[in-house]
Amino acid sequence: MSNTVLWIMGFAALLLGGVTACTTSGPASTTGAVETVVVATGSQSGAPQSQRQTAQQLKALPPLPTSASASAVRSDAQLDVGILIFGSQDGSDPAGLKEQGVYPLVRKAETRYLPFLLRQTLEATSQWGAVRVMPDAHASTELVISGEIQVSNGEQLQIKILAKDSSQRLWLNKVYRQNVNAAAYEDSRVDPFQPLFDRLALDLKAVHSQLTASELQAIHQLAVLRYGQQLAPNAFNTYLQTNDQGQYVLKRLPARNDPMLKRVTRLRDYEYFFIDTVDEQYSALFVEMKPTYQRWRQYSRELMVYMRDYKARQVGKSSGFRRGSLASMNEVYGDYEWYRTQQMNLNELAAGFNNEVLPTVLNLDDNVIQLDGNLQDQYSQWQNILKEIFQLEQGEI
Amino acid sequence: MSKYPFHLRTSVFLLMGLMFLAGCQNSPRGEVKARDAKRHDFSGSWEMDFSLNDSVDAKLDAYFYRLRRSMARQANGRQMESNRMSPINQRTAQTVVAMAQFVEKISRVQVMDIAQTVTDIDVTREGTFALKCHFPSRGLQQSDNPFATEVCGWDGHQLVFQLRLPEGLVVQQRLTLSANGQQINVATTMYSDQAPEPFTLNRSYSKFEKRRQGYSCEQTVEKGKVCTLTSEAEDERMVPQAPKPVIMNAD
């Protein structure tokens, strides 16, 4: 083989490797059964380019075909998405959490903030039906996304994402990780971790694109029937069965004018009514906490970087100043003072995170209903009310 | 008569003395041995009373005088006889002056606000970080962070905050309440492994009733930092006299 051929092959391999690193946003490693997607950081070479590519890919997605009957009615290709409030992997020991840079109040707030960011990202693609942030799982949701915050310290965000449709088909089970540098905080209009959510949106769309029209239609149908099964198992069990993989499949469909189905559909709309009302609270929270949260993450990132640099300096152990000199004292104490001041700022910001949830007041058939407690409790109360209504309407079978 | 010659006995004696001193050197500098806690109530607002403060120059003079005396004693009184003081090593002198400058710098805090409960104390200091201590049990509490080891707690009726920093530095702050409860003495002591003795500077603080006039700020999510202007008269009308917190000795 000539040198020229070898050179070309080498160049091609290099190019391919580079492109792969950019388009898949860094090496994707597998931890156990869960794949980790590392979104390129701003400091890596080619990272900004890769991030732009991801954002452009999202923008370039072709609009989904709209329903032939009416443009206001969504097409079968558009699935409704429910994003559950994220969970958190942290333990419950507050002192231990602070050691890791985790502030419980902030973590609680970001379990609501980050799902909303994902919601905004998905909505911007126009590839989905209604995208809702939900306090708890809902049987009639066509695609449910749940997440767990594993690391969030302003420098790194790592979340585990699980997405399943109404048939319980697994769409995604991945860990997404992104590190950012100081430049990511320069533009306050864009979230520093937006590339992670862009990547996630693209992955969801990739799974969506693989489904056939009949599979998408089945997802819609299964969502309603599974909700019906929850309310009236005896009536709806006949329409559903599970296969070997534990996924729901349609056995048969109820008649279009089935009165039971109509009631179920009406109650489902009530359930969405609650979720949409709660969603307004999440929207308000998102807007309110954005500037404070951004500042908090920026401070937190600076602290992480400074501490790492400090540790690195300690390895070398040479400050350059004579031991016992004023300069050496100022440097040693200055490091500590900076750390303490930064922690004070973080504490002050963290104290501002108000997670109080207001009571939700809903108007149901001319009755005003007030739901109290946290949103999960409120949702549970609402579901119980709907079940009671259903039982009353249905009467004894 | 001893079977050993005089110079050998002297050498052994000196060697033992040196070993004793070396043993002292090896014990951690500024180690606090906590006496039983007799917790005093430090809570309130405190402002520096300049008239009662130590003079840095006077403390430095006294330090060097003590050092020369000690060196002279070590030199077996030869310099005393010849009426000359031992010269202090230049590097040591530089370190001591640096310690004095440094202690003076970190003890410039003019106003402190202290909040205290049975298990915690929070000393908010103007212009620098707050000193916090959680003391649920007996003895001193120790915590580590990448920049220092922090030790705090009660040593009898005194509250001690100690920072063990890299480069052989220890900074200690010891708070003592006066008998009438109207003064706090903050003794800031610095230890360095490059200096023969620690350097201490005392700062005195008098209790004062903070006028509730001016800006009161709090961090909110919605509007960031929100500051409101309050007036004394308004506060007096609105806020009933809060009962004085009772600090109990848990130990």
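User: Hi! How many of the residues of chain A count as buried?
Analyst: In this predicted model, 47% of the 397 residues of chain A count as buried.

User: And which helices and strands does chain A have, in numbers?
Analyst: Chain A has ten helices and twelve strands. If you look at contacts in chain A with a separation of 6 or more, 69% of them come from residues 24 or more positions apart.

User: Nice. Where is there a salt bridge that ties parts of chain A together?
Analyst: Try Asp276(A) and Arg132(A), whose side chains meet in a salt bridge at 2.9 Å, N to O. Asp276(A) lies in helix α8 (residues 259-316) and Arg132(A) in strand β5 (residues 131-134), so this pair ties together parts that are 144 residues apart in sequence.

User: Is Arg132(A) buried or exposed?
Analyst: Arg132(A) counts as buried, at 11% relative accessibility. Its partner Asp276(A) is partly exposed, with a relative accessible area of 33%.

User: How many salt bridges does the whole structure have?
Analyst: The search finds 18 over all chains. In chain A, Glu35(A), Lys174(A), Arg199(A) and Asp203(A) are linked in a network of them.

User: What about chain B, which residues pair up there?
Analyst: Here are two pairs. Lys59(B) forms a salt bridge with Asp54(B), with the closest N and O atoms 3.5 Å apart. Glu104(B) meets Arg108(B) in another, at 3.0 Å from N to O. Lys59(B) is partly exposed, with a relative accessible area of 27%, and Glu104(B) also counts as partly exposed, at 23% relative accessibility.

User: Changing topic: how many residues take part where the chains touch?
Analyst: The contact takes 35 residues from chain B and 33 residues from chain A.

User: What area do they bury between them?
Analyst: About 3,100 Å², with 62% of it on carbon and sulfur atoms.

User: How many salt bridges cross that interface?
Analyst: Two are found across the interface of chain B and chain A. Arg340(A) and Glu150(B) form a salt bridge, with their closest N and O atoms 2.6 Å apart. Across the interface there are also seven residue pairs in polar contact, both residues being at pLDDT 80 or more.

User: Which elements give two or more residues to chain B's side?
Analyst: On the side of chain B that touches chain A, they are helix α4 (90-106) and the strands β5 (141-145), β6 (148-155), β7 (158-165), β9 (183-192), β11 (214-220) and β12 (224-230). The element that gives the most is α4(B), with nine residues. By class, that side of chain B has 15 nonpolar, eleven polar and nine charged residues.

User: Can we look at α4 of chain B? What does Thr95(B) touch?
Analyst: Sure. Thr95(B) lies in that helix. Leaving out residues up to four places away in sequence, Thr95(B) touches Arg322(A), Gly324(A) and Met329(A) in chain A, along with Ser192(B), Gln194(B) and Ala195(B) in chain B.

User: Is Thr95(B) buried or exposed?
Analyst: Thr95(B) counts as buried, because its relative accessibility is 1%, and the cut-off for buried is under 20%.

User: And what does Lys105(B) join up with?
Analyst: The side chains of Lys105(B) and Asn330(A) are joined by a polar contact of 2.9 Å. Lys105(B) lies in helix α4 of chain B as well, and counts as partly exposed at 38% relative accessibility.

User: Back to chain A. Which residues other than glycine have a positive phi?
Analyst: Two to look at are Ser126(A), with a phi of about 55°, and Gln168(A), with a phi near 75°. Most residues other than glycine have a negative phi.

User: Where are those two?
Analyst: Ser126(A) sits in the loop between α4 (104-125) and β5 of chain A. Gln168(A) is in the loop between β7 (156-165) and β8 (170-179) of chain A. Ser126(A) is partly exposed, with a relative accessible area of 45%, and Gln168(A) counts as partly exposed at 29%.

User: Last one: where does pLDDT stay under 50 in chain B?
Analyst: Two stretches to note are residues 12-27 and residues 233-251. Beyond four places in sequence, the model has zero contacts for residues 12-27 and 23 contacts for residues 233-251. Chain B averages a pLDDT of 78, and 69% of its residues score at least 70.

Terms used
Residues numbered from 1 in each chain as written. Chains lettered and ligands numbered in written order. Heavy atoms only, no water. pLDDT = per-residue confidence, 0-100. Contact = heavy atoms within 4.5 Å. Salt bridge = Lys/Arg side-chain N within 4 Å of Asp/Glu carboxyl O. Helix = DSSP H or I, 4+ residues; strand = E, 2+ residues; numbered from the N terminus. Buried < 20%, exposed > 50% of the residue type's maximum accessible area, 1.4 Å probe, protein only. Buried area = accessible area lost by both parts, 1.4 Å probe. Polar contact = N/O pair within 3.5 Å; in protein donor to acceptor, adjacent residues only side chain to side chain. Nonpolar A, V, L, I, M, F, W, Y, C, P; charged D, E, K, R; others polar.
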